[in-house]
Amino acid sequence: MRRDFYLHCFLACLGIVHWSQPAIARNTTGSRASTRSHHGLGVKGQVLHRSKRGWVWNQFFVIEEYTGPDPVLVGRLHTDLDSGGGKIRYILSGEGAGTIFVIDEKTGNIHATKTLDREERAEYTLMAQAVDRLTNKPLEPPSEFIVKVQDINDNPPEFLTGPHHATVPEMSNVGTSVIQVTATDADDPSYGNSARLVYSILEGQPYFSVEPQTGIIRTALPNMDREAREEYLVVIQAKDMGGHMGGLSGTTKVTITLTDVNDNPPKFPQSVYQMSVSEAADVGEVVGRIKAKDPDIGENGMVTYRIIDGDGRDFFEITTDSQTQEGVIKLKKQGLDFETKKLYSLKVEAANVYFDPRFVSRGPFKDTATVKISVEDADEPPVFTMPVYLMEVNESAPAGTTVGQVHAMDHDLGRSPIRYSIEQQSYLDRSFTINAQNGIIKTTEPLDRELTAWQNISVIATEVNNQIHTSRAQVAIKILDINDNAPEFAEPYEVDMCENANAGKLIQTIKAVDKDENANGPRMTFSMAPNTNFTIVQNTGHSADIKVRRGALSRQKQEVYHLPVVISDGGVPLMSSTNTLTIRVCSCSADGSVQSCNTEPLTLPAGLSTGALIAILTCIIILLVIVVLFVTLRRQKKEPLIVFEEEDVRENIISYDDEGGGEEDTEAFDIATLQNPDGLNGFLPRKDIKPELQYMPRQGLCAAPNSVDVDDFIKVRLQEADCDPTAPPYDSIQIYGYEGRDSVAGSLSSLESATTESDLDYDYLNSWGPRFKRLAELYGSKETCEES
């Protein structure tokens, strides 16, 4: 710091000495000065005028970051008109005038009062002027000049971004570009070496290097292996002053990661793998897993497996687990048998899915291993020698006849004894039995082939030592036919023939059937006892013709003939049966059509004919149907909605034509009769709807006394009907008008009319209505009375 201070002071002194010389004729662009005329002789005696500057100066410089005790002398303004004595006053204006820069009015010396920073502002533009101190008139026109802040190396290089992260593939060649880092220096790059940067590497050798001028980081070692080391930390320094001593510096960190390439083949950790599987394993069951290790990652580490050789290729398969990159060995098909083969061998290959051609020279990217799979003995169920047994037995064979034998074995080492049984759920007839020890099947009853030609049973074999292990075999038993059924008519035959049929007339062709097989009845023979009226003719096959032997049979003599026919088969032993053919003799028309086959009565009984009886029965049935419909309609007649609708007690109020005792007389009718008898307990049934809730009768409700006012009574009933969901509708309640307590007509009693004469005019009784018609006639006008 002291050395820099002395350097700054030396430069300032040089500037003061240099710029204080008035004889210097140099001027910067834009400076202005007044001129004076100097005469001289030119060509051909012409007078020439030369401009002479009154006061001149160049650009001023001030060193930044000056920290001395006194203001820094920037420069001096002077004009040749200033002869001393203080008659001229110098004025300074412009950027920073009066605050940063001040001027001595008498001498024109300019000083900087503050420390300047070139990085904040590099130059200032000022205006200078010289005026007469007494008159304040300008002696020179105003002139503009620039004060430049001279740079010093006060800013170190800076890396604006960072820390940095970069990647480079492993196994890259030497000099492979990784990343470029750039530093900036705030100092003036056009002045000296303050902003001239040089890059160097402080940490990260010998793996990486950096270009001094550009800051590009490159690999410095070949064959850098990600699997050995994946991440590196590199520290880069940027130093100004061209990297020379005394320059300022800055650093940044760069984390470089090696990316993976497929430079490693998969390798099995061991050459032989041992596995085992039960002989009772199901298809698809996992036998084991193997894994070839590949230090590469991502798709470079993906491995696929396959079986390339071995005697177990037919029973086992291998697949690749994409998540774990393992080879999964599974059972491909059933058929493993511990007793037959106990060990299988597989040769498995593991190879990379993707490979990099740059590393093919390193060898094949694959590896092989041997997998030995041992078959474990399982306690298997017994095995029948045949999955399906076919047996035969004659029908009608006696109970206990041997049908056949089944056999099952336990192939396990223990050789457990076998117990046999018939599955009853699959065979409900129970016509067979099986010996539990040797599996011999016998009949329990004689069989009939004509009922069932085949019998299917399921035989169960169970290990005696482990009854959980069972197996089943199907046994199909064919019932062999014997000639035990005689032939018979294919259907019952009843024949109608004309009594005038000619001899040789075909009456009926009869057919026979035999339930036995054709081997026991290849041909059927038809025969019958000698008969004078009919004959039988054998046909080829299982049929025969019945013909008339002689014609003109009489109905009157015999109406029905029962002709026995004997049918025999050709089996051993011979079986035959006698079947009856019914022949009815009928009367026929000339063309041979049958008219009647019943004997006609000689006389008809007296009485109604059949048609008349049918007509009478039809009429009786129709009448009965009408009566039933009428009764049904009567029952379905709509019932009234309100109970006792036809006997509404309100219609039982008796109206009297006499006067009665007045409005206070309640003997004329009982007010309680207006009450519904069914509603005394508070419940009024509804027949038009089904009530959703049961109306709870109010306690203490009783019939109103006879003295109750009818108006109040009706209002109470109306309110109860409105609040009761089970009561009849509102509009079904009838309201009876009444006169009231007081009558405007007064008393109509005639008790006093017999003793006193009254001049009252009773003609107004005529307007009271028909109820008072009789009174109007009795108490009307005198003329009317006299005429009466």
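Reader: Leaving aside neighbours within four places in sequence, which residues is Phe-316 in contact with?

Author: This is a predicted model. Neighbours within four places in sequence are left aside here. The contacts of Phe-316 are then Val-277, Val-287, Ile-307, Ile-329, Lys-330, Leu-331, Lys-332, Leu-336, Tyr-344, Leu-346 and Ile-373.

Reader: Which members of the largest nonpolar core touch the most other members?

Author: The largest nonpolar core holds 26 residues. Nonpolar side chains tend to be buried together in soluble globular proteins. The members that touch the most others are Phe-316, Ile-329, Val-371 and Ile-373.

Reader: Which strands each supply at least two residues of this core?

Author: The core has 26 residues, including Phe-316. Its suppliers of at least two residues each are strands. They are E17 (272-278), E18 (286-290), E19 (303-309), E20 (316-321), E21 (326-331), E22 (343-352) and E23 (366-376).

Reader: How many residues are in the other core, which lies apart from this one?

Author: Met-524, Met-528, Tyr-561 and Leu-563 are among the members of that other core. Its residue count is 24.

Reader: How many residues apart are Arg-289 and Asp-321, the pair that a salt bridge joins?

Author: The closest N and O atoms of Arg-289 and Asp-321 are 3.2 Å apart. Arg-289 is partly exposed at 43% relative accessible area, and Asp-321 is partly exposed at 21%. Arg-289 lies in strand E18 and Asp-321 in strand E20, so the salt bridge ties together parts separated in sequence by 32 residues.

Reader: Which residues do salt bridges with shared partners join into one network?

Author: The structure holds 15 salt bridges. Some share partners and build one network. Its residues are Arg-226, Glu-227 and Asp-260.

Reader: How many residues apart are Glu-95 and Arg-121?

Author: Their side chains meet in a salt bridge, 2.5 Å from N to O. Glu-95 sits in the loop between strand E5 (88-94) and strand E6 (101-103). Arg-121 sits in the loop between strand E7 (109-112) and strand E8 (123-132). The pair links distant parts of the chain, with a separation of 26 residues.

Reader: Are Glu-105 and Arg-133 buried or partly exposed?

Author: Glu-105 and Arg-133 form a salt bridge, with 3.9 Å between the closest N and O atoms. Glu-105 lies in the loop between E6 and E7 and Arg-133 in the loop between E8 and strand E9 (143-150), so the pair ties together parts 28 residues apart in sequence. Relative accessible area is 37% for Glu-105 and 29% for Arg-133. Buried means under 20%, so Glu-105 and Arg-133 are partly exposed.

Reader: Which residues make up the covered face of E7?

Author: In a regular strand the side chains alternate between the two faces of the sheet. The uncovered face of E7 has Asn-109 and His-111. The covered face has Ile-110 and Ala-112.

Reader: In E7, what is the bridge partner of Phe-101?

Author: E6 and E7 run antiparallel, joined by three bridges. They form a hairpin with five residues between them, and Gly-108 in the turn has a positive phi of about 80°. Strand E4 (72-76) also runs antiparallel to E7, with four bridges, and there Gly-75 stands opposite Ile-110. For Phe-101, the partner in E7 is Ala-112.

Reader: Which strands are the edges of the open sheet E33-E35-E38-E37?

Author: Four strands form this sheet, and the pairing is antiparallel. E35 (506-513) and E38 (543-548) pair over five bridges, with Gln-508 opposite Ile-546 in E38. An edge strand here pairs on one side only. The edges are E33 (488-489) and E37 (534-538).

Reader: Which residues of H3 are exposed on the side away from the buried ones?

Author: Helix H3 (710-723) has 14 residues and reaches 20 Å from its first C-alpha to its last. Val-710, Phe-713, Ile-714, Leu-718, Glu-720 and Ala-721 are buried in H3. They cover an arc of only 165° around the axis, so they lie on the same side of H3. On the other side, the exposed residues are Lys-715, Gln-719, Asp-722 and Cys-723.

Reader: What share of the contacts with a separation of 6 or more comes from residues 24 or more positions apart?

Author: The protein has five helices and 41 strands. Of its 788 residues, 33% count as buried. For contacts with a separation of 6 or more, the share from residues 24 or more positions apart is 66%.

Definitions and conventions
Residues numbered from 1 in each chain as written. Predicted model: local features only at pLDDT ≥ 70, side-chain atom pairs only at ≥ 80, totals over all residues. Heavy atoms only, no water. Core = buried A, V, L, I, M, F, W, Y, C linked by side-chain atoms within 4.5 Å. Buried < 20%, exposed > 50% of the residue type's maximum accessible area, 1.4 Å probe, protein only. Contact = heavy atoms within 4.5 Å. Salt bridge = Lys/Arg side-chain N within 4 Å of Asp/Glu carboxyl O. Pairing = 2+ DSSP bridges. Expected span 1.5 Å × (residues − 1). Arc of directions from axis to C-beta.
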